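Colleague: Before I rely on the descriptive words used for this structure, could you show me how each word is earned?

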Amino acid sequence: MTISPLAPAAFPDLPVIDGVTFATAAAGVKYEGRTDVMLAVLAKGSSVAGVFTRSATRSACVLDCQDKIGGPSDGKAAILVNSGNSNAFTGKNGTAAVNTLTSAVSTTTGIDETRVFTSSTGVIGEPLPHDKISAKLSELNAMQSDAGIADAARAIMTTDTFPKGASATVMIDGSPVKIAGIAKGSGMIAPDMATMLVYIFTDAVIAQPALQSLVSAHNDATFNCITVDSDTSTSDTLLIGATGASHIDVTDNADFSTALHDLMKDLAHQVVRDGEGATKFVTINVTGAADDQDARLVAMATANSPLVKTAIAGEDPNWGRIVMAVGKSGAKADRDLLRISLGDLLLAENGWRSPAYSEDAASAYMQGATIDINVDLGLGAGSSTVWTCDLTHGYITINADYRS
């Protein structure tokens with residue numbers, strides 16, 4: 001598999017998070033010759049929070065996690081993830097598979113079943129061969145290591161071309177609090193929760209309700225502001241576990257909140273950079289809207305437009321397609337107040353092409369790997385920023401034969 005040209009140079013060196021361990025195994029759920037299952041075990045008393053897809057056809061494991069979030073936090077917790085099969089749209093078999101796996105994890109690890117969270121990612125509509133996963137649980141339990149997070153990042157990949165990780169360390173009253181996270185996602189990416197799988201761990205002390213509020217707020221400004229193809233997955237899950245091992249309470253701590261937000265944005269950007277077939281990372285900034293909601297409408301209409309995305313892939317500064325996206329978005333707009341720029345290059349203003357417009361300069365700008373599209377509606381103070389990628393033949397190639 002060819003690695004995305006937008007990939008980072010290497011997987012980051014993530015810190016050990018005291019109170020959480022990992023193990024991976026090759027269960028053969030779909031893929032042969034690679035790890036496809038990971039089990040993370042969190043220390044007794046860890047707080048677990050999460051956000052999930054709002055798809056009406058969400059998977060059995062998503063529904064199970066949603067039921068468990070906010071429950072008792074006194075015992076250990078476990079997160080079991082498989083790639084290759086999403087266990088979505090599998091009817092009663094899907095629910096039975098989740099129940100079988102959570103029960104088996106509980107039996108193997110001694111962790112209460114109400115504290116066992118599962119995720120599945122991959123093909124929709126195929127029964128999950130949960131027996132293959134169950135057969136690996138003893139091995140996964142025995143091989144737990146606090147240094148296994150990088151292997152876990154690789155085990156959860158599907159069409160991803162590179163594993164995704166990020167970390168942060170916050171000094172609070174002279175002592176460090178660490179955060180580390182991993183993610184998978186490449187296609188079927190559109191904001192309505194994370195549109196991917198994300199697992200974040202910290203040694204901070206923070207009660208579950210406060211952790212839930214924090215991650216929900218930051219999710220809206222990070223993972224819910226990305227789109228690759230406008231398609232929202234059935235399996236999207238973000239889980240965060242706070243082990244408390246640092247003995248440092250971060251409730252209402254602004255520095256911790258900022259670090260968590262930045263880590264989540266980093267992971268979200270990595271998902272866009274691994275968009276199926278992507279060659280360009282695109283930031284769309286909308287300002288001057290009547291309100292933030294209208295700004296988001298314009299930003300997402302632009303980011304999800306096949307015409308805009310293919311123009312970016314072809315390195316064509318076709319700003320008329322951006323005008324089209326603004327007009328179709330449903331937001332309030334006035335042709336004569338609209339300003340459109342590529343980076344610092346003004347393309348359109350006052351209802352038509354800017355006198356300063358240079359086709360040569362705009363074409364040269366489009367050849368870069370990073371593109372900024374700036375739209376000002378001239379109506380108010382509303383603003384929004386979203387991130388996307390171009391749409392290339394590579395996306396079609398990957399998705400045309402995904403089940404083959």
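What follows takes the words one by one and sets each value against its definition.

Modeller: This is a predicted model, in which local features need pLDDT of at least 70 and side-chain atom pairs count only at pLDDT 80 or more, while totals for chains, interfaces and linings use all residues. Residues are numbered from 1 along each chain as its sequence is written, and side-chain values use heavy atoms, with hydrogens and water left out.

Colleague: Why is the pair of Phe22 and Phe201 called edge-to-face?

Modeller: Rings of Phe, Tyr and Trp (its six-membered ring) pair if their centres lie within 6.5 Å, and planes under 30 degrees apart count as stacked, over 60 as edge-to-face and the rest as tilted. The ring centres of Phe22 and Phe201 are 5.2 Å apart and the planes stand at 80°, so the pair is edge-to-face. A search of the whole structure finds one aromatic pair.

Colleague: What makes this pair a tie between distant parts of the sequence?

Modeller: Phe22 belongs to strand β1 (residues 20-25) and Phe201 to strand β8, so the pair ties together parts that are 179 residues apart in sequence. Helices (H or I, at least four residues) and strands (E, at least two) are DSSP runs, numbered from the N terminus.

Colleague: Why is Cys61 called buried, and how many disulfides are there?

Modeller: Buried means under 20% relative accessible area, exposed over 50% and partly exposed in between, with a 1.4 Å probe and protein chains only. Cys61 has a relative accessible area of 2%, so Cys61 is buried. A disulfide is a pair of cysteine sulfur atoms within 2.5 Å, and by this rule the count comes to zero. For Cys61, the nearest cysteine sulfur is that of Cys65, 6.7 Å away, and Cys61 is in no disulfide.

Colleague: Why is Cys225 not bonded to Cys389?

Modeller: The closest cysteine sulfur to that of Cys225 is in Cys389, and because 15 Å lies between them, they are too far apart for a bond. Cys225 has a relative accessible area of 7%, so this residue is buried too.

Colleague: How do you know whether His247 and Asp252 are buried or exposed?

Modeller: The relative accessible area of His247 is 70%, so His247 is exposed. For Asp252 the value is 80%, so Asp252 is exposed as well. His247 lies in the loop between β9 (237-242) and α7, and Asp252 is found in the loop between β9 and α7. His247 has a positive phi of about 65° although it is not a glycine, and Asp252 likewise has a positive phi of about 65° without being a glycine.

Colleague: What makes β6 and β7 paired strands?

Modeller: Two strands pair if DSSP finds at least two bridges between them. Strand β6 (residues 164-172) and β7 are joined in the antiparallel sense over nine bridges, with Lys178 in β7 as the bridge partner of Thr169. On the same test, β7 and strand β8 (residues 197-202) pair in the antiparallel sense over six bridges, where Leu197 in β8 is the bridge partner of Lys184.

Colleague: What makes Arg34 a charge over the ring of Tyr31?

Modeller: A charge sits over a ring if NZ of Lys or CZ of Arg is within 6 Å of the ring centre and within 35 degrees of the ring normal. Arg34 lies over the face of Tyr31, at 4.2 Å from the ring centre, and the charged end of Arg273 sits over the ring of Phe281, 4.2 Å from its centre.
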